[in-house]
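I open these notes to record what I looked up in one structure, working from the overall fold down to single residues.

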Amino acid sequence: SPPPRSRVPAGTAGSAVAGAAVSTDGWRAAGLDGTLVPVSSTAGPREDSGHLASGFADTPAGAVLAAVGIAVRTSGQLGPAIFAPTIARQVTGAAAGALLAAAWQDYALASAQHPPTSRGGPAGAATATARAFRLISWSPSAAAAEVVTAADDITGQEAVTRLQVRWLHGDWRLVAPPGGDFAAAASPATTLSGFTSLPWR
């Protein structure tokens, strides 16, 4: 059956759909080649081949899950079997090509340090883990969220990245960041006030 569509009025945004309206009840952490992504039995993804995860609900929760889950899968660290189909099928926007080129570059650098265990396999885990989110806007056709990530190194440095998704062809698609560079779109996280923690924090 198709993922559910929300009854929240189109164009509703701000506090009405942020925080309290995005309940993480029933969310859990799923492992993806050494990193974590949030999933939900009701909001998605309904399909997870290990390479692609799709079938998110057209709800505020589905938009957040798609934004985080798809963004993680664009990491070059996870290998071309994951990032190549994810970017080709689940990323939209003028900078999608630049995002793919950056993923291949990251993969090449990571492979030099940690050779893949199989041809084209992962070169390591993603270098940051999503910790918390705040929904900025939502409608049945577009949404934006700020996501706090922490570096998976000794610094544990936290940053806030704005992610945007669009509802296209029956599912959420991630909008590629300007220049295909999520790091350039990030800023230091100064507070988690107003953010909802993901289930593993």
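**Entry 1. Elements.** I take helices and strands as DSSP runs, with at least four residues for a helix and at least two for a strand, numbered from the N terminus. The model is a predicted one. With that convention I read the order of elements from the N terminus as β-β-β-β-α-α-β-α-β-β-β-β-β-β. The inventory comes to three helices and eleven strands.

**Entry 2. Whole-chain totals.** I looked up burial and found that 47% of the 201 residues count as buried. The exposed area of the protein is about 9,500 Å², and carbon and sulfur atoms supply 53% of it. I then turned to contacts with a separation of 6 or more: residues 24 or more positions apart account for 62% of them.

**Entry 3. The nonpolar core.** In soluble globular proteins, nonpolar side chains tend to be buried together. I therefore asked which residues touch the most other members of the largest nonpolar core. In this core of 45 residues they are Trp27, Val91, Trp172 and Leu174. Helix α1, residues 60-73, gives the most to the core, with ten residues.

I followed two of these residues further. Leu174 lies in strand β9 and counts as buried, at 0% relative accessibility. Beyond four places in sequence, the residues that Leu174 touches include Ala67, Ile70, Ala71 and Thr74, as well as Val91, Leu163, Val165 and Phe182. The C-alpha atoms of Leu174 and Thr74 are separated by 9.9 Å, although the two residues are 100 apart along the chain. For Val91, with neighbours within four places left aside, I listed contacts with Ile70, Thr74, Thr86, Ala96, Leu99, Leu174 and Ala176.

**Entry 4. Helix α2 and its cover.** I noted the buried residues of α2 as Pro80, Ile82, Phe83, Pro85, Thr86, Ile87 and Gln90. What covers them includes strands β1 (27-32), β4 (53-54), β5 (91-92) and β9 (171-175), together with helices α1 and α3.

I examined the pairing with α3 separately. Two packed helices are described by the angle between their axes and the distance between the axes. The axes of α2 and α3 come within 10 Å and cross at roughly 175°. Since angles over 145 degrees count as roughly antiparallel, α2 is therefore roughly antiparallel to α3. At this contact Pro80, Phe83, Ala84 and Ile87 of α2 meet Ala96, Leu99, Leu100, Ala103, Trp104 and Tyr107 of α3. I add a remark on helices as such: an α-helix has 3.6 residues a turn, so residues three or four places apart point the same way.

**Entry 5. Aromatic pairs.** How many aromatic pairs does a search of the whole structure find? The search returns five. I examined the pair of Phe83 and Trp104, whose ring centres are 5.0 Å apart and whose planes stand at 85°; because planes over 60 degrees apart count as edge-to-face, this pair is classed as such. The pair links distant parts of the chain, with Phe83 in helix α2 (residues 80-90) and Trp104 in helix α3 (residues 96-113), 21 residues apart.

I also checked whether each partner is buried or exposed. Phe83 is buried, with a relative accessible area of 0%, whereas Trp104 is partly exposed at 42%. Ring pairs link Phe83, Trp104 and Tyr107 into a cluster.

**Entry 6. Backbone exceptions.** Most residues other than glycine have a negative phi, and most peptide bonds are trans. I recorded one departure at the peptide bond from Gly44 to Pro45, which is cis with omega near 5°. Pro45 is found in the loop between β2 (35-40) and β3 (47-48). A further entry is His169, which is not a glycine yet has a positive phi of about 55°. His169 sits in the loop between β8 (158-168) and β9 and counts as exposed, at 75% relative accessibility.

**Entry 7. Ser54.** I closed with Ser54, which is placed in strand β4. Ser54 is partly exposed, with a relative accessible area of 26%. With neighbours within four places set aside, the contacts of Ser54 are Pro45, Arg46, Glu47, Gln90 and Asp171; Pro45 is the residue that follows the cis peptide bond from Gly44. The C-alpha atoms of Ser54 and Asp171 are separated by 7.3 Å, with their positions 117 residues apart along the chain.

Methods: Residues numbered from 1 in each chain as written. Predicted model: local features only at pLDDT ≥ 70, side-chain atom pairs only at ≥ 80, totals over all residues. Heavy atoms only, no water. Phe/Tyr/Trp six-rings, centres within 6.5 Å; stacked < 30°, edge-to-face > 60°. Buried < 20%, exposed > 50% of the residue type's maximum accessible area, 1.4 Å probe, protein only. Contact = heavy atoms within 4.5 Å. Areas by Shrake-Rupley, 256 points an atom, 1.4 Å probe, with all protein chains shown as cover. Core = buried A, V, L, I, M, F, W, Y, C linked by side-chain atoms within 4.5 Å. Axes fitted to C-alpha atoms, helices over the stretch in contact; angles between N-to-C directions. Parallel < 35°, antiparallel > 145°, perpendicular 65-115°, else oblique.
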